[in-house]
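This report is written for someone meeting the structure for the first time. Please look over the sequence and the model before reading on.

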Amino acid sequence: MRRTTAAYVLIAAAVGVLVAGCTSGTAATPVARAVLITNARIIDGTGSPARSGSVRIRGQRIADVGVLQPLPGDSIVDAGGLTLVPGFIDTHSHHDRGLDTNRSALAVVSQGVTTVVVGQDGGSHIPLAGFFAALEAHPVAINVASYVGHGSVRDSILGENYKRHATPAEVDRMRALVAQEMGAGALGLSTGLEYDPGIYSDPSEVLALARAAADSGGRYISHMRSEDRELFQAVDELINIGRVNHMPVQVSHAKLAMRSLWGRAPELLAKLDSARASGVDVTMDVYPYQFWQSTLTVLYPARDFDNRSTTEFVLREVAAPDGLLISRFEPNPEYAGKTVAEIARMRNSDPATTLEWLILTSEAARKSGGKAGQGVIATSMDERDIAKLIAWPFANISTDGELDGRHPRGFGSFPRVLGRYVREQQVVSLEEAIRKMTSLAAHNMGIADRGTIAPGMYADLTLLDPATVIDRATPADPHALSVGIDRVWVNGAVVYANGATTGAFPGRVIRRAPQR
Ligand SMILES: [Zn+2]
């Protein structure tokens, strides 16, 4: 810990925020030079209306908010009438991939995001203690919290022999591993029940492992067993975990990803509302795109890749051939960036045969130890459902994105909500959208000291222009920077300004707050 503190002081000094006297909570009052952000429209993240004022940052935290006069030694930042909001919290992120070499995290900070929550979809670093220690030895620009992933735990205990239910003894060993990772500071348990190896678990295994997280005061977050064919049954499993284990549960990247589900967002939300009314703390996160990105295999929950009726169902219900964009295909890289419809034409074949060929080719390569990686961006959502999910009062915003991904969500999700769903479509007010990106996200993750602009909170702040903010990233240009994000602070240090990262690495590891 001591080494970490010293590193922060050096970095803080390098960017002009001198933190003197890092004594911890004793008689000595920390004396830090302050930064006064003046002439701002402040949206504090609680949902309260915007108001004009100033914010004083002292060290890593917010010292004052309101109508403030400069004090001797304050360095002044004139916000020029732009809107100052809490830094956004991305509650479903894969931006940890490559973060050790891409420490500025441009994809993240250029959206105004200051904290990412990783370890999603059942996949986490194990042991988390090692991941956290590495982040503290080599800090990055952003704050990082993590869940412990069910799939990673299952992989640790079952290894290659995972296509089956776990035995009671194996469940006990997995419970012990979950408890260990909770001890390291995981926020809770994540699952990815559409993916290997999580798909092979039965509900009692998931319930038992979630209980191990609950016993440490943790939460449950899930890429559920289905986002299309069995959506409502999958939601029932999640709600049951919350009810039986008395723990908060969250739907990851909520979707109605099948044609015959389109228009049924009100039914989904009514189900969640009724669970909430009966005492289950169920929430969701959502990202603002009609298309998702994953592996081709998730299109086949029974893994019956050569079953023609399944393939025809996929192409009719889940995504049309011109809505299946192959983002990566290692067995034949020339297919990356093309749709299944286009590849079928190139191969003088039909879409169903082509889709099966793509998956079977990749699976054969994987089994023989060759280059098998593949990915798809699939358009399977309806715009009206997305707007309804975003507007649900307990839905916070996430990206599901990566630093170097092919889906534009990695760079564009938060500005896209502010530009398209707030300014253009007025799905929710600006203040409500900011609440969903900040205090609600913090609440849904159990993060106590971030997500609002108030004295004592960490100084994670984003200065933006509500009149211009919008995403620019597209599937063709997934790393295009958003506009309207003017400046971003993490723990009091500027990490993004003038369209570029600053080279400051003030990010901290966020561990689950101790149990009340
Ligand atoms: Zn997922």
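The text below goes from the metal site to the cores, the strands and helices, and some backbone details.

This is a predicted model, in which local features need pLDDT of at least 70 and side-chain atom pairs count only at pLDDT 80 or more, while totals for chains, interfaces and linings use all residues. Residues are numbered from 1 along each chain as its sequence is written, and side-chain values use heavy atoms, with hydrogens and water left out.

**The zinc site**

The zinc ion has as its protein donors D121 (OD), H223 (ND1) and H253 (NE2), which lie 2.0 to 2.3 Å from it. Donors here are N, O and S atoms within 2.8 Å of the metal (3.2 Å for Na, K and Ca), and because water is not among the atoms, sites may look incomplete. Along the chain, the donors of the zinc ion follow the spacing D-x101-H-x29-H. D121 sits in the loop between β9 (113-118) and α3 (128-137), and H253 in the loop between β14 (249-251) and α8 (265-277), so the pair ties together parts that are 132 residues apart in sequence. Helices (H or I, at least four residues) and strands (E, at least two) are DSSP runs, numbered from the N terminus. D121 and H253 are both buried, where buried means under 20% relative accessible area, exposed over 50%, and partly exposed in between (1.4 Å probe, protein chains only).

**Cores and the strand β9**

The largest nonpolar core has 98 residues, and those with the most contacts inside it are I142, Y220 and L418. A second, separate core of 29 residues includes A257, Y289, L299 and V318. Such a core is a set of buried Ala, Val, Leu, Ile, Met, Phe, Trp, Tyr and Cys residues joined through side-chain atoms within 4.5 Å.

Strand β9 is mostly covered, with six of its six residues buried. Three bridges join β9 to the parallel strand β8 (residues 88-90), and four bridges join β9 to β10 (residues 143-146), again running parallel. F88 has V113 in β9 as its bridge partner, whereas V116 stands opposite V144 in β10.

**An antiparallel sheet and a helix pair**

An open sheet of four strands has the order β16-β19-β17-β18, with antiparallel pairing; two strands pair if DSSP finds at least two bridges between them. Its edge strands are β16 (291-294) and β18 (338-339), each of which pairs on one side only.

The axes of helix α12 (residues 383-391) and helix α13 (residues 409-424) come within 12 Å and cross at roughly 100°, axes being lines fitted to C-alpha atoms, for helices over the stretch in contact, with angles running from 0 to 180 degrees between N-to-C directions. That makes α12 roughly perpendicular to α13, since angles under 35 degrees count as roughly parallel, over 145 as roughly antiparallel, 65 to 115 as roughly perpendicular and the rest as oblique.

**Backbone details**

Most residues other than glycine have a negative phi, and most peptide bonds are trans. The table lists departures from this.

| Place | Backbone value |
|---|---|
| I126 to P127 | cis, omega near 0° |
| D196 to P197 | cis, omega about -5° |
| H253 | phi near 35° |
| R303 | phi near 55° |

P127 is found in the loop between β9 and α3, and P197 lies in the loop between β12 (188-192) and α6 (203-215). H253 counts as buried at 1% relative accessibility, and R303 counts as buried at 18%.
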